[in-house]
Amino acid sequence: MKLRLESFGELRLIDMAGQPVAFPEKGLLAICYLLDRYLQNGAGSEYPRSALARFLWDSHDNPDIMANLRKTISRIQARQTELGTELLIFTATGVRIKPDAFVCDLFELAKSDGGGALENLRRLVAVLRQDFLAVLADQSVSTQQWIAGQRDRHMAILVDALKTALPTARSREDISLIKEAALRIFRDAPDDENIRRILLEAYESEGQLENARRLFEASRHGLESALDIGLDVQALREVRKVFAGSQSPPSVMEPLSDGGSRVARPLPRLVLLPPGGMDAAGALPMLCGPLIEDVTIGLCALNTVSVVAPHTAARIAGHADKAELILRHSISYVLDTRLTDHALFVQLIHASGDEVIWAERFNLEKYDLISHRRDIARRIARELAGQVHRHETMRHSFEGNSAAYHSYLLGLRDVKRLSLPDIRRSRKAFREALQHSAHFAPALSGLSRTFVVEWLLTARGDRELLGLAEDYANRAIVADPSLAAGFRELGVAKLYLGDIDESLLALKLAEELSPHYADGIASYADTLVHASRPADALIKIDRAISLNPLSPTDYLWTAAGANFALGQYAEALEQISAMDDRTPADRLSAACWAMLGDMKNARLYMRKVREIYPDFDVDKWLSVVPFKEQWQKEQYREALRRAGF
């Protein structure tokens, strides 16, 4: 009777009718092991009993492995006699398989691709849908290591087959096969950038933006086994580019699409500005200068950034018009440093957009700066190198068109101003940028932000604006799932759509992706206010302000909202008074003055709001502003009613 051994998924023996056939599990495992040796090495000769015993049970865990083997052999031989066939042949000292007595799915991996690359890939995909020996009750350490090695080898075979099949895929059926192979590889290797790109492009090509977001989140915790996506011809072309081969080495010339060449872009220039107050007394100011020099020297070893020499950096730091010198010397990045009583604050700024990329505070109290100066310098240098590299990678994918980049920077500038004309001007600029580069994630996330801010400023509860904000945030995540800004904007949109839990999750992901992203942390704080957790919100917003001390207006607005919710109305007004433009917070100002009993100021701010939004209605506004707990909504309602709304 010819039997079939299945080793992918559940390890089992079946007859030709597909019915399970009982057989000792250790015997089936031994067949798989010996068959693999036979297929890989042509090792069909007898295998020592002692070696098989060590493989099955591990000698250091069980001193009676030979007794275990004898019992297993006895059960196997008895069962083979019942079946009237021999799968394993035992001698006094060894064991060998009888490969012509059964068929096995492992034979499929060993077949040549005589049917062509696509047929070979189709056969492999069919075999490898499940993990090799996925369900095995008892495994020794040796068995576990061997299984892991086999799975790695199987995936390598599938990757090679996918690469070979890509150039020949033409029909929709072929493309579907490519998709299925990529998904199988992704299940085992969710961090593989090539496979990741295939699947993200596939989601985008199908317009399944929400699924793309879920895919990225799932890849952080282990992808579920079944994902239903499609892949079109455009995505297939992108996949082929991925596997086209390694990039050529860096050159001073870059090829152009018309066959010519141009001089490659210069390396980005970075200046590290020493902190002020270096002439103050004490060891700390005296050692901070050499600390910054240590960081500079460390960065000089990199070939990805050009570092301005410390002498010039010191001249720039002491100049009355730093911005003019930075522009004159074509400096791309500025590391601004400040010295407090016991801490060194560092902030990396992208000069063109005046954008804070990274910030950190180093508490120098816990260091002996003399002995630990180099350690601190290495930490700063390593973080700087990584942040500049990530930002340049993102920027280079877009900056080839100078007009588009210019539009993006204009949008970035205007979106920081909380007024309707500025927000709409920002939106226009971001849209112009996307006309030149439709998948540029920062512009997509910026566009998302404009819709949320307009929703807040108009106070009309227009859900269409929030729907657009959510859509563009999801597009930003698809375009670049490593960019925290996309998750930040998704979290903000989800908040005002009323899904506070989803908002908290998205903002938590943004913080995990970029722990020093001050704007993301500030938005997290705002959601915590609406989640009726104002005390937690104050902790978060204080962290954001510490990373970005010259804080934007919305940071202070969030801090004021948290203080208001805690009944700290004077503190809320103090935060509002520090805002460059207090107009967006006029409603909150009126509410705070009313709760403090100062009706003159409350009425003053109420009238200011009415001048801009004459149709503002308290109940309508509170019906769309999400608060997790009712007490918070009633507090705001009472305050606004007292103020005269």
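## A charge over a ring

Let's start with a detail in this predicted model: the charged end of R587 sits over the ring of W621, 4.9 Å from its centre. R475 does a similar job elsewhere, with its charged end over the ring of Y472 and 5.0 Å from the ring's centre.

Both R587 and W621 are also touched by Y636. Leaving out residues up to four places away in sequence, Y636 has F564, L588, A591, L622 and F627 as contacts too.

## How far to trust the model

Before going further, check the confidence. The chain has a mean pLDDT of 77, and 74% of its residues reach 70 or more. Residues 220-264 are a weak patch, as pLDDT stays under 50 there. The model still gives that stretch 74 contacts beyond four places in sequence. Residues 278-283 also have pLDDT below 50, with four contacts beyond near neighbours in sequence. Where pLDDT is low, don't read the predicted coordinates in detail.

## Two nonpolar cores

In soluble globular proteins, nonpolar side chains tend to be buried together. Here, the largest nonpolar core has 82 residues. Which residues have the most contacts inside it? They are Y408, Y496, I541, F564, Y636 and F645. Helix α17, residues 441-458, supplies the largest share of this core, with nine residues. Apart from this core lies another, of 62 residues, including L11, A30, L34 and L124.

## Rings that pair up

A search of the whole structure turns up 13 aromatic pairs. Take F616 and F645: their ring centres are 5.4 Å apart and their planes meet at 75°, so the pair counts as edge-to-face. F616 lies in the loop between α26 (599-612) and α27 (618-624), while F645 is in the segment after α28 (630-643), so this pair ties together parts that are 29 residues apart in sequence.

Are these two rings' residues buried or exposed? F616 is buried, with a relative accessible area of 5%. F645 counts as buried too, at 10% relative accessibility. Ring pairs also link F8, Y33, Y47, F55, F132 and W146 into a cluster.

## A small sheet

Now for some strands. Four of them form an open sheet in the order β3-β2-β1-β7, with mixed pairing. At the edges are β3 (20-21) and β7 (102-104), each of which pairs on one side only.

Strands β1 (residues 3-6) and β2 (residues 12-14) run antiparallel and are joined by three bridges. To picture how they line up, find L5, which stands opposite L13 in β2.

## One residue outside, one inside

V135 is found in the loop between α5 (117-127) and α6 (141-165). With 52% relative accessibility, V135 counts as exposed, because the cut-off for that is over 50%. Beyond residues up to four places away in sequence, V135 touches G9, E10, L11 and E25. How far is the C-alpha atom of V135 from that of F8? The two atoms are separated by 8.8 Å, although the residues are 127 apart along the chain.

T527 makes a nice contrast. This residue is found in helix α21, residues 518-530, and counts as buried because its relative accessibility is 0%. Which residues does T527 touch, not counting those up to four places away in sequence? They are G491, L495, I500, S503, L504 and L507.

Conventions: Residues numbered from 1 in each chain as written. Predicted model: local features only at pLDDT ≥ 70, side-chain atom pairs only at ≥ 80, totals over all residues. Heavy atoms only, no water. pLDDT = per-residue confidence, 0-100. Contact = heavy atoms within 4.5 Å. Helix = DSSP H or I, 4+ residues; strand = E, 2+ residues; numbered from the N terminus. Buried < 20%, exposed > 50% of the residue type's maximum accessible area, 1.4 Å probe, protein only. Core = buried A, V, L, I, M, F, W, Y, C linked by side-chain atoms within 4.5 Å. Pairing = 2+ DSSP bridges. Phe/Tyr/Trp six-rings, centres within 6.5 Å; stacked < 30°, edge-to-face > 60°. Lys NZ or Arg CZ within 6 Å of the ring centre and 35° of its normal.
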